[in-house]
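Hi,

Here is the structure I said I would pass on. Have a look at it first, and my notes follow underneath.

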Amino acid sequence: TLPDSRQHFPDSRTLPESEAGLAERALATEVPLPGRRYRRARAWLAHQLRFGEQEDINVFETTIRVIGGLLGAYELSVPRAHPQNASGDKLLLRLAYELGVRLLPAFNTPTGLPYGTVGLKSGRAYNPEWAQGASTTSEVGSLQLEFATLSHLTGDDRFVTAADRVTAHFSKMERPSELPPGLYPLFIHPKTGRFTSTTVTLGARADSTYEYFIKGWLQRGRASDVTPLKLFLEAVRGISGHLARVSAWGRSYVGVWEYKANTFKEEMDAVACFTPGMLALSGVALGDETQLAFAEELAESCFAMSARTNTGLAPEIADFSPGLPPGLNSPPALSHAAAAAAAKLGHSGRRGRLLLRGGGGGVVVVVLTCARCALLPQRLEPPLRPTRRLGQRRRPQPRKGARRVDAAAACTARRA
């Protein structure tokens, strides 16, 4: 039985849903009246959005987008003048709570790992047949931030308890003997709690699991349970030891590893470009210069993936070929972070080259989203090295033949 949200929101019936009510609330809290777009969106939420009829919805996507969006909007609605003594727009929190309660049946498994799909009306939770009953690893490992926040704001501990069971399982689970600590294959079964895949990557279906470890620990505070931090540090060691590589041109990347067959694919998903941000966050939080250095190297590679295409759009997969490019007499010095990872595994002689480079190397771009696109190699002539430092704003260049206009003079002329 789904509990009534009014147990946690006794004033939900009298929430200000009209223009007059919002104006009254703004006056009482000494904050400006919300903008027109906010009021229009809020009116739709109040009168149109209903949870309870939808079936077959994705637990992960609904959590990070709908619950996360509602909680983020609630936090932004807290008056800045008195943030400690004021609450935000309770309509937003009530809706997030109602939806969170209807997602909880997905966690009713022997291991606590949630199913990927649930019916908001029936409460039926399951995984699709093509996954053979398994859940996607990134989907079970990327609910902790939203669920912990929901418990913190509502006082209902069921959400954080469900999320913490997932983290505890990752910490104590029985792992295959061939799988190094800190690495998480693509699929995991909610009944057995075991991995059903042998593919290890920082791309789709595994990515955000790693990210939520460090963010979850930082969200709770440094004095909180250190289990997520331990899992993250294990993951960093696993990534640097088994996934990190460096191209012949000195570009760092993280590839795809089949740990059972011990085969390695020299390719990196564009999705994996969250990794520099994750390592930068942890590097700053933990004061780890090695993580910061590796983050910068990966960020340069990710920048190159989009900066050196004709459209400026990065491919979904950047392919790294084995061996050195023809005509190169000697390999350049390896960047220290990725070189250390390669040397640790004895792969210092097995270097690939990043196929997002001009000159003689050429480019291979794999496009998965365009059915009409020809999946053929493509050459790009500009050099790979960025012409500006990362983080530096690009100065817009006038088009060839365009007339330069004095902005101040133009503005004065318009006023006249």
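Residues 324–416 keep a pLDDT under 50 throughout (pLDDT is the predictor's confidence in each residue, from 0 to 100), and for this stretch the model has 133 contacts beyond four places in sequence, a contact being heavy atoms within 4.5 Å. Residues 1–7 also stay under 50, with 10 such contacts. For the chain, the mean pLDDT is 76, and 67% of the residues reach 70 or more.

Some bookkeeping: this is a predicted model, where local features need pLDDT of at least 70 and side-chain atom pairs count only at pLDDT 80 or more, while totals for chains, interfaces and linings use all residues. Residues are numbered from 1 along each chain as its sequence is written, and side-chain values use heavy atoms, with hydrogens and water left out.

Now the sheet. Three strands form an open sheet in the order β1-β2-β3, with antiparallel pairing. β1 (57–58) and β3 (125–126) are the edge strands, each with a single partner, so one side of each has no neighbour in the sheet. Strands here are DSSP runs of E, at least two residues, and helices are runs of H or I, at least four, numbered from the N terminus; two strands pair if DSSP finds at least two bridges between them. β1 pairs with β2 (residues 117–118) over two bridges, and Asn58 stands opposite Thr117 in β2.

Two backbone oddities are worth a look. Most residues other than glycine have a negative phi. Asp56, not a glycine, has a positive phi of about 55°; Asp56 sits in the loop between α2 (36–47) and β1 and is partly exposed at 48% relative accessible area. Gln132 also has a positive phi of about 55°, in the loop between β3 and β4 (135–136), and counts as exposed at 68%. (Buried is under 20%, exposed over 50%, partly exposed in between, with a 1.4 Å probe and protein chains only.)

Last, there is one cavity of 30 Å³ or more, with a volume of about 40 Å³. A cavity is a set of points, on a 1 Å grid over the protein atoms alone, where a 1.4 Å probe fits but cannot get out; lining residues have an atom within 4 Å of a point. The volume is the space filled by probe spheres set on the points, joined across faces, edges and corners. Its lining includes Val59, Phe60, Tyr115, Glu139 and Leu143. α3 (59–77), β4 and α5 (137–140) each give two or more residues to the lining.

Cheers

Methods: 1 Å grid on protein atoms, 1.4 Å probe; cavity = no way out; pocket = protein on both sides within 12 Å on 5 of 7 lines; lining within 4 Å.
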